[in-house]
Structures are given as C-alpha cells and as structure tokens.
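Me: Can you walk me through a model I have open? I'd like to go topic by topic.
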Amino acid sequence: QVQLVEYGGGYVQAGGSLRLSCAASGSIFSIDAMGWYRQAPGKQRDVVAGITSGGTTNYADSVKGRFTISRDNAKNTLYLQMNSLKPEDTAVYYCTADVKMNWGLPFKNYWGRGTQVTVSS
C-alpha cells in the first residue's frame, strides 16, 4: 500500500508564511504527477497547485505569485511554500499523487488526510 501524510499546517496571521510537506511511503516504484488541493468549510475541494515528475508546475490563479510547489523525488516528498497568506487561504490542504507500485502496474491516485491551515486577519 501507499500512504501520503501531510505536515506543516497551523495557525498564522495574514501576511505570514507556512511550508507544507507531504511524504509518500509504502510500496512505491515511481511517482508521476503530484499536487495540492484545499477545501474550505462548506465549499468544494479545489486544486491549488500541481507538479509533474519532470518539474513542470501549474497554479490556481488565486495563489499565483504567492505559493510555490516543489518536490524531492529522491525523498518522495512534495512541498508547498505559502507566502503572503490571506484569510481566504484558510482550508484543509490535501496532497495527492499518482503512484506506480510496480513496473507492471498502472499508476493509481492516492490522497493524504489533510492538514489544517488557518489564517487570521
């Protein structure tokens, strides 16, 4: 099996920064695309940022210029550096990854359980 665990959430004042990490563990042969989503209370889960295995990134318009997604392929770890945080960034942040457990198997999508980020005004 494969597990994704997010770290780094917390409480911060507006204008502050947080760095989220997501560690993938288990039976991992390779990881393709990885990404971050977030879900605020009463709202749907939305994409925040994504990154391919080759390092190509994309961002939601609401976080462009403030958030940076990166990954360490050797450590199977995904990061999200969040700067200039706003109260509207308050949400549970989830990481996701497409993982292949064996060379003969297809990629399968996995999700972490999420980490809470709260930004006060």
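Reply: Below are short answers on the disulfide, the sheet and the ring contacts. This is a predicted model, where local features need pLDDT of at least 70, side-chain atom pairs count only at pLDDT 80 or more, and totals for chains, interfaces and linings use all residues. Residues are numbered from 1 along each chain as its sequence is written, and side-chain values use heavy atoms, with hydrogens and water left out.
Me: Which residues does the disulfide join?
Reply: C22 and C95, with S to S at 1.9 Å; a disulfide is a pair of cysteine sulfur atoms within 2.5 Å. The pair links distant parts of the chain, 73 residues apart, with C22 in strand β3 and C95 in strand β9 (residues 91-100). Strands are DSSP runs of E, at least two residues, numbered from the N terminus.
Me: Are those two buried or exposed?
Reply: Both C22 and C95 are buried, meaning under 20% relative accessible area with a 1.4 Å probe, protein chains only.
Me: OK, the sheet. What's the strand order?
Reply: β1-β3-β8-β7, an open sheet of 4 strands with antiparallel pairing. Two strands pair if DSSP finds at least two bridges between them.
Me: Why do β1 and β7 each have one side without a neighbour?
Reply: β1 (2-7) and β7 (67-72) stand at the edges with a single partner strand each, so one side of each has no neighbour in the sheet.
Me: What does E6 bridge to in β3?
Reply: Its partner there is C22, and β1 and β3 are joined by 6 bridges.
Me: Which ring does R19 sit over?
Reply: The charged end of R19 is over Y79, 4.1 Å from the ring centre. A charge counts if NZ of Lys or CZ of Arg is within 6 Å of the ring centre and within 35 degrees of the ring normal. R45 lies over the face of Y94, at 3.6 Å.

Terms used
Buried < 20%, exposed > 50% of the residue type's maximum accessible area, 1.4 Å probe, protein only.
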